[in-house]
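Q: Please take me on a close look at one part of this structure, and then show me what lies along the way from there. I am in my first year, so plain steps would help.

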Amino acid sequence: MRLANLDNRASLVIGDTGAEKAIDIATASDGRFGPDLVSVYDAWEQVTAWAAGLDSGALTGAVPVDRRRLGPPSPAPRQVLAAGLNYRSHAAESGFELPTEMPPVFTKYVSSFTGPDSEVVIPAGGNVDWEVELVAVVGREARRIDADQGLSYVAGFTVGQDISERISQLRGPAAQFGLGKSFPGFAPQGPWLVTLDEFSNPDDLELGCTIDGEEVQKARTGDLIFSVGTLIAMLSQNLTLYPGDVVFTGTPAGVGFGLEPPRYLRAGERLDSWIEGIGELHQTFIADTRSH
C-alpha cells in the first residue's frame, strides 16, 4: 500500500511509476477514515485492513497525482527523531568510532517539513549539506518492545533528506543538531509512504542522491549499524512512540562535510534523492534575499 498526503488529505496511491493515481480515503471509505493523515495513523490497523479489501469500484474515483500538491506523508507527528552515525561509512568519514550500544539521537522540528518537490532557502552565510535517509513512520504505540518486534510497529517507509546547516549545527560549546537541521524546508519527505509488505527485503534498500546529476551518495540500508527494527525498539526503551511519529534512520557516506575540501550546496543547484521501491525527492536551492 502507498499512502500520500494530497492537499492535506489522506490518499491511497495506485498505478505504475510516472502514472500514479490517488484515491481519497475519506471519500472511498464513506467517511469512516480520514480525511486527515493523523487520524489515519491513529487507526492504522483498521485502515490497512479496509484498504486490503477494496474492490474495483472504489478505484473509479482515482485522479492523477500532481506532485506539486503532495505534502510529507506524516505532516503532524507528535515526535520527530533522527539517528546519527548509523552507517559504518558515515561514521568513518565523520572521524568517529562506530556506536556500539545506540546511535546518537536528536530531534528535527515539524516546521522544517515539506513535501517531495520544493525550493529550499540557503541561510545567509550558511554551509548547507545533504543527507539522504530512509524515514520510518510509526504505525502503532510502542513502549519497551523487543528488537525482533521493531519492524512490526512501523507503518511504512518514505524518502527523506536531513538537510543540515553545519555552522549552526556545530557552533558553540555544545552542538545544536536540532536547530542546525530544522531551518524551513530542511526535512523534505515523500513522495508517499510505502508499507513494508511492498518490499521483497525491507532491511536492504538502495538509497542515494545527486547534485545537478552528479552522484554524491549511494549505499544500501543493509549497511545500517542498527537496523530500522532495532532502532525503533531502542527508542522505545526510553520513549513511548506514537502512531505517526517520524524517525530519520541515518545517512551513508558522501555528505559534503566529509569531503576534502568540504563542499556545500549553492543557490541554483538541484538535489535529487531516491530510495529503491519508494520514489524520489527533488529540491532546488535558492539564495536568502531578505535584507539584513
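A: Let's start at P261, which sits in the loop between β17 and β18. Keep in mind that this is a predicted model. The peptide bond leading from E260 to P261 is cis, and its omega is near 0 degrees.

The loop between β17 (246–248) and β18 (270–275) also holds F257. This residue counts as partly exposed because its relative accessible area is 39%, which lies between the 20% limit for buried and the 50% limit for exposed. Together with L170 and F177, F257 makes a nonpolar surface patch of about 250 Å².

Now follow the chain from the loop into β18. This strand pairs with β15 in the antiparallel sense, over five bridges. One pair to find on your screen is G208 with its bridge partner W274 in β18. β15 pairs with β16 (residues 214–220) as well, again antiparallel, this time over six bridges. Here you can look for L207, which stands opposite A219 in β16. β15 and β16 form a hairpin with two residues between them, and D212 in that turn has a positive phi of about 50 degrees. How enclosed is β15 (residues 206–211)? Five of its six residues are buried, so the rest of the structure largely encloses this strand.

A second cis peptide bond is worth a visit: the one from G190 to P191, with omega near -5 degrees. P191 belongs to strand β14, and β14 (187–194) is among the elements that cover the buried residues of helix α3. Others in that cover include β1 (2–6), β2 (9–14) and β12 (154–161).

What do they cover? In α3 (residues 44–52), the buried residues are W44, V47, W50 and A51. Looking down the axis of α3, you find these buried residues within an arc of 130 degrees, so they line one face of the helix. A49 and A52, on the other side of α3, are exposed.

Finally, here are two loop residues to compare. L85, in the loop between β6 (80–83) and α4 (88–94), has phi near 55 degrees, a positive value in a residue other than glycine. R144, in the loop between β11 (132–138) and β12, has a positive phi of about 55 degrees although it is not a glycine either. Buried or exposed? L85 counts as buried because its relative accessibility is 16%, whereas R144 is exposed, with a relative accessible area of 57%.

Methods. Residues are numbered from 1 along each chain as its sequence is written. This is a predicted model: local features need pLDDT of at least 70, side-chain atom pairs count only at pLDDT 80 or more; totals for chains, interfaces and linings use all residues. Side-chain values use heavy atoms; hydrogens and water are left out. Patches are made of residues with over 30% relative accessible area and no salt bridge: like charges are joined within 9 Å, nonpolar side chains (Val, Leu, Ile, Met, Phe, Trp, Tyr) within 5 Å. Accessible areas come from the Shrake-Rupley method with a 1.4 Å probe; for residues, only the protein chains shown count as cover. A salt bridge is a side-chain nitrogen of Lys or Arg within 4 Å of a carboxyl oxygen of Asp or Glu. Helices (H or I, at least four residues) and strands (E, at least two) are DSSP runs, numbered from the N terminus. Buried means under 20% relative accessible area, exposed over 50%, partly exposed in between (1.4 Å probe, protein chains only). The arc is that of the directions from the helix axis to the C-beta atoms. Contact means heavy atoms within 4.5 Å. Two strands pair if DSSP finds at least two bridges between them.
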